[in-house]
Structures are given as structure tokens and as C-alpha cells.
Amino acid sequence: MLDILHELHELEDKDIPIVFWDDFNLSNPPNWHKNLEILYCISGKGTLTCGGIEQDMLPDHIYCIN
């Protein structure tokens with residue numbers, strides 16, 4: 001069984017609550033957080049799992065996770 005990591009987002013500016021990653025690695029362990037997550041796939045492909053549902057990630061697609 002995989003451990004699920006509770007990811008705490010440290011916000012630099014709480015008035016603009018955005019965390020930007022430009023080197024995101026889809027092999028990161030499963031995690032959850034209370035923040036909305038928006039992913040944009042630039043290139044390559046992967047699998048996104050949310051609520052037990054798997055979704056193929058494809059280039060030029062945007063994914064929103066509540």
C-alpha cells in the first residue's frame with residue numbers, strides 16, 4: 001500500500017495564493033492538499049489519479065483537481 005503524503009503549500013504572498021512549479025515530476029508520491037490544483041502538460045504524457053479515477057495526461061491539456 002502506498003503512503004499518501006499531505007502536502008503543505010508554503011505561499012510567498014497570501015494575497016496571491018499561487019504555487020508555481022515548472023519542473024513538476026509525475027513520479028512524485030500520491031499526495032493531497034486543501035488547495036485547488038491546476039496542471040498544464042507541456043510535453044510527454046503521464047497518468048493522473050484523483051479520487052481513484054485515472055486520467056491520461058497529454059500535451060497541451062489542462063487538468064483541474066479539487
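Here is a walk through this predicted model, from its overall layout to its core and its surface. Local features need pLDDT of at least 70 and side-chain atom pairs pLDDT 80 or more, while totals for chains, interfaces and linings use all residues. Numbering starts from 1 along each chain as its sequence is written, and side-chain values use heavy atoms, with hydrogens and water left out.

Let's start with the layout. The chain has six strands and zero helices, so reading along the sequence gives β-β-β-β-β-β (strands are DSSP E runs of at least two residues, helices H or I runs of at least four, numbered from the N terminus). Of the 66 residues, 14% are buried, meaning under 20% relative accessible area; exposed is over 50%, and partly exposed is in between (1.4 Å probe, protein chains only).

Now look inside. The largest nonpolar core consists of Leu-39, Cys-41, Leu-48, Met-57, Tyr-63 and Ile-65. Such a core is a set of buried Ala, Val, Leu, Ile, Met, Phe, Trp, Tyr and Cys residues joined through side-chain atoms within 4.5 Å. Two elements, β3 (37–41) and β6 (61–65), each give two or more residues to this core. In soluble globular proteins, nonpolar side chains tend to be buried together.

How do β3 and β6 pair? They run in the antiparallel sense, over five bridges (strands pair if DSSP finds at least two bridges between them). One bridge joins Glu-37 to Ile-65 in β6. Leaving aside residues up to four places away in sequence, Ile-65 touches Asn-35, Leu-36, Glu-37, Leu-39, Leu-48 and Cys-50, where contact means heavy atoms within 4.5 Å.

Follow β3 and you'll see its side chains alternate: Glu-37, Leu-39 and Cys-41 are buried on one face, while Ile-38 and Tyr-40 point to the other and are not buried. In a regular strand, side chains alternate between the two faces of the sheet.

Ile-38 and Tyr-40 turn up again on the surface, in a nonpolar patch of about 600 Å² with Leu-36, Ile-42 and Ile-62. Patch residues have over 30% relative accessible area and no salt bridge; like charges are joined within 9 Å, nonpolar side chains (Val, Leu, Ile, Met, Phe, Trp, Tyr) within 5 Å. A salt bridge puts a side-chain nitrogen of Lys or Arg within 4 Å of a carboxyl oxygen of Asp or Glu. Leu-36 sits in the loop between β2 (31–32) and β3, and counts as exposed at 59% relative accessibility.

One last stop is Asp-60, in the loop between β5 (53–57) and β6. Its phi is positive, about 65°, although Asp-60 is not a glycine.

Methods: Accessible areas come from the Shrake-Rupley method with a 1.4 Å probe; for residues, only the protein chains shown count as cover.
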